[in-house]
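Subject: Structure for you to look at

Hello,

Here is the structure I promised to hand over. Please open it first, then read my notes below.

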Amino acid sequence: MATYTAVPFSSVARCTVWPPVPALSRAHDVGAAVVLGALTPTEVAAAVALGADAVKIFPARALGPRHLSDLRGPFPEVPLIPSGGVDDDNAAEYLRVGALAVTAGTSVVPPAAVEQGRWEEITSRAAAFRAATR
(Lines give C-alpha, C1' and ligand atoms only; values in the text may rest on other atoms or scores of the structure.)
Protein backbone atom coordinates (compact mmCIF):
# COMPACT_ATOMS: atom_id res chain seq x y z
CA MET A 1 0.00 0.00 0.00
CA ALA A 2 1.31 3.40 -0.96
CA THR A 3 1.92 6.07 1.62
CA TYR A 4 2.00 9.77 0.92
CA THR A 5 3.65 12.71 2.55
CA ALA A 6 1.50 15.76 3.16
CA VAL A 7 1.78 18.21 0.31
CA PRO A 8 2.09 21.83 1.45
CA PHE A 9 -0.12 24.12 -0.58
CA SER A 10 0.20 27.85 -0.42
CA SER A 11 -1.74 30.71 -1.87
CA VAL A 12 0.86 30.72 -4.66
CA ALA A 13 -0.26 27.32 -5.99
CA ARG A 14 -2.68 27.57 -8.89
CA CYS A 15 -2.79 23.94 -9.98
CA THR A 16 -1.74 20.52 -8.78
CA VAL A 17 -1.49 17.52 -11.09
CA TRP A 18 -2.28 14.06 -9.81
CA PRO A 19 -1.96 14.73 -6.08
CA PRO A 20 -2.48 12.01 -3.50
CA VAL A 21 -6.19 11.77 -2.67
CA PRO A 22 -5.80 13.23 0.86
CA ALA A 23 -4.40 16.41 -0.69
CA LEU A 24 -7.42 17.06 -2.94
CA SER A 25 -9.55 18.96 -0.47
CA ARG A 26 -6.56 20.97 0.75
CA ALA A 27 -5.75 21.98 -2.82
CA HIS A 28 -9.31 23.18 -3.32
CA ASP A 29 -9.26 24.92 0.07
CA VAL A 30 -6.45 27.19 -1.12
CA GLY A 31 -7.98 27.71 -4.57
CA ALA A 32 -5.69 25.43 -6.55
CA ALA A 33 -7.13 23.55 -9.48
CA VAL A 34 -6.85 19.77 -9.28
CA VAL A 35 -5.93 17.81 -12.40
CA LEU A 36 -6.11 14.04 -11.99
CA GLY A 37 -4.77 11.53 -14.49
CA ALA A 38 -6.78 8.90 -16.34
CA LEU A 39 -6.86 6.95 -19.57
CA THR A 40 -10.07 4.94 -19.57
CA PRO A 41 -13.67 6.14 -19.21
CA THR A 42 -13.84 4.42 -15.82
CA GLU A 43 -10.78 6.32 -14.66
CA VAL A 44 -12.18 9.63 -15.98
CA ALA A 45 -15.41 9.02 -14.05
CA ALA A 46 -13.40 8.23 -10.90
CA ALA A 47 -11.33 11.41 -11.28
CA VAL A 48 -14.49 13.49 -11.62
CA ALA A 49 -16.03 11.76 -8.59
CA LEU A 50 -12.91 12.61 -6.57
CA GLY A 51 -13.32 16.29 -7.41
CA ALA A 52 -10.96 16.85 -10.34
CA ASP A 53 -11.32 20.21 -12.03
CA ALA A 54 -9.81 18.70 -15.19
CA VAL A 55 -8.54 15.28 -16.21
CA LYS A 56 -5.13 14.65 -17.74
CA ILE A 57 -5.44 11.88 -20.35
CA PHE A 58 -2.17 9.93 -20.10
CA PRO A 59 -0.53 8.50 -22.05
CA ALA A 60 -2.35 10.21 -24.90
CA ARG A 61 -0.15 8.51 -27.50
CA ALA A 62 -1.60 5.13 -26.49
CA LEU A 63 -4.94 5.78 -28.20
CA GLY A 64 -4.54 9.13 -29.97
CA PRO A 65 -6.87 12.07 -30.65
CA ARG A 66 -9.80 9.83 -31.58
CA HIS A 67 -9.82 8.43 -28.03
CA LEU A 68 -10.10 11.93 -26.62
CA SER A 69 -12.92 12.64 -29.06
CA ASP A 70 -14.66 9.44 -27.93
CA LEU A 71 -14.33 10.49 -24.28
CA ARG A 72 -16.16 13.75 -25.09
CA GLY A 73 -19.34 11.67 -25.64
CA PRO A 74 -19.91 10.49 -22.08
CA PHE A 75 -17.99 13.42 -20.56
CA PRO A 76 -18.97 16.53 -22.57
CA GLU A 77 -18.45 18.91 -19.64
CA VAL A 78 -15.20 17.45 -18.29
CA PRO A 79 -12.10 19.44 -19.26
CA LEU A 80 -9.63 16.95 -20.77
CA ILE A 81 -5.90 17.60 -21.17
CA PRO A 82 -3.93 15.08 -23.25
CA SER A 83 -0.38 14.43 -22.11
CA GLY A 84 2.31 11.96 -23.09
CA GLY A 85 2.91 11.75 -26.81
CA VAL A 86 1.55 15.16 -27.76
CA ASP A 87 3.77 16.99 -30.22
CA ASP A 88 3.61 19.65 -32.92
CA ASP A 89 2.28 17.06 -35.40
CA ASN A 90 -0.84 16.17 -33.37
CA ALA A 91 -1.45 19.00 -30.90
CA ALA A 92 -3.89 20.86 -33.14
CA GLU A 93 -5.92 17.68 -33.68
CA TYR A 94 -6.29 17.16 -29.93
CA LEU A 95 -7.53 20.74 -29.59
CA ARG A 96 -9.88 20.32 -32.56
CA VAL A 97 -11.56 17.28 -30.97
CA GLY A 98 -12.17 19.07 -27.69
CA ALA A 99 -9.08 19.17 -25.48
CA LEU A 100 -9.05 22.05 -23.00
CA ALA A 101 -5.29 22.30 -23.47
CA VAL A 102 -2.37 20.14 -24.56
CA THR A 103 0.93 19.43 -22.87
CA ALA A 104 4.34 18.66 -24.26
CA GLY A 105 7.26 17.02 -22.56
CA THR A 106 10.20 15.37 -24.26
CA SER A 107 8.94 16.30 -27.73
CA VAL A 108 9.76 19.91 -26.82
CA VAL A 109 12.39 19.41 -24.13
CA PRO A 110 14.41 16.27 -24.93
CA PRO A 111 16.54 15.21 -21.96
CA ALA A 112 19.67 15.09 -24.14
CA ALA A 113 19.12 18.70 -25.23
CA VAL A 114 18.90 19.77 -21.59
CA GLU A 115 22.00 17.76 -20.60
CA GLN A 116 23.95 19.31 -23.46
CA GLY A 117 22.62 22.83 -22.88
CA ARG A 118 21.05 23.12 -26.35
CA TRP A 119 18.75 25.96 -25.26
CA GLU A 120 18.26 27.40 -28.73
CA GLU A 121 17.01 24.01 -29.95
CA ILE A 122 14.58 23.80 -27.04
CA THR A 123 13.39 27.35 -27.71
CA SER A 124 12.85 26.49 -31.37
CA ARG A 125 10.94 23.33 -30.47
CA ALA A 126 8.76 25.29 -28.05
CA ALA A 127 7.99 27.88 -30.72
CA ALA A 128 7.05 25.15 -33.20
CA PHE A 129 4.77 23.51 -30.63
CA ARG A 130 3.10 26.79 -29.80
CA ALA A 131 2.62 27.63 -33.47
CA ALA A 132 1.06 24.22 -34.05
CA THR A 133 -1.62 24.95 -31.45
CA ARG A 134 -2.85 28.15 -33.07
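**A nonpolar patch on the surface**

Val 109, Val 114 and Trp 119 together form a nonpolar surface patch of about 270 Å². Keep in mind that this is a predicted model. Val 114 belongs to helix H5, which covers residues 111–115. How exposed is Val 114? The relative accessible area of Val 114 is 35%, so this residue is partly exposed. Patch members need over 30% relative accessible area, and Val 114 at 35% is therefore above that cut-off.

**The chain as a whole**

The protein chain holds 6 helices and 4 strands. Along the sequence, their order is β-α-β-α-β-α-β-α-α-α. There are 134 residues in the protein chain, and 36% of them count as buried. The exposed area of the protein chain is about 8,000 Å². Carbon and sulfur atoms supply 57% of that area. Now take the contacts in the protein chain with a separation of 6 or more: 35% of them come from residues 24 or more positions apart.

**Strands S2 and S3**

Strand S2 runs over residues 33–38. Is S2 mostly covered or mostly open? S2 is mostly covered, with 5 of its 6 residues buried. Its partner is strand S3, residues 54–57. The two strands pair in the parallel sense, over 4 bridges. At one position in this pairing, Leu 36 stands opposite Val 55 of S3. Helix H2, residues 41–49, completes the picture: S2, H2 and S3 make a β-α-β unit. That unit is right-handed.

**After S3: a cis bond**

Most peptide bonds are trans. Look at the bond between Phe 58 and Pro 59, though: this one is cis. Its omega is about -10°. Where is Pro 59? Pro 59 sits in the loop between S3 and helix H3 (64–72).

**His 67 in H3**

Helix H3 also contains His 67. Is His 67 buried or exposed? The relative accessibility of His 67 is 13%. Buried means under 20%, so His 67 counts as buried. Which residues does His 67 touch, leaving aside those up to four places away in sequence? The answer is Leu 39 and Ile 57. Ile 57 falls within the residue range of S3, 54–57.

**To start with**

Two spots for your viewer are the cis bond between Phe 58 and Pro 59, and the patch made by Val 109, Val 114 and Trp 119.

Best wishes

Terms used: Residues are numbered from 1 along each chain as its sequence is written. This is a predicted model: local features need pLDDT of at least 70, side-chain atom pairs count only at pLDDT 80 or more; totals for chains, interfaces and linings use all residues. Side-chain values use heavy atoms; hydrogens and water are left out. Buried means under 20% relative accessible area, exposed over 50%, partly exposed in between (1.4 Å probe, protein chains only). Two strands pair if DSSP finds at least two bridges between them. A crossover is right-handed if, with the strands pointing away from the viewer, the path from the first strand over the helix to the second runs clockwise. Patches are made of residues with over 30% relative accessible area and no salt bridge: like charges are joined within 9 Å, nonpolar side chains (Val, Leu, Ile, Met, Phe, Trp, Tyr) within 5 Å. Accessible areas come from the Shrake-Rupley method with a 1.4 Å probe; for residues, only the protein chains shown count as cover. A salt bridge is a side-chain nitrogen of Lys or Arg within 4 Å of a carboxyl oxygen of Asp or Glu. Contact means heavy atoms within 4.5 Å.
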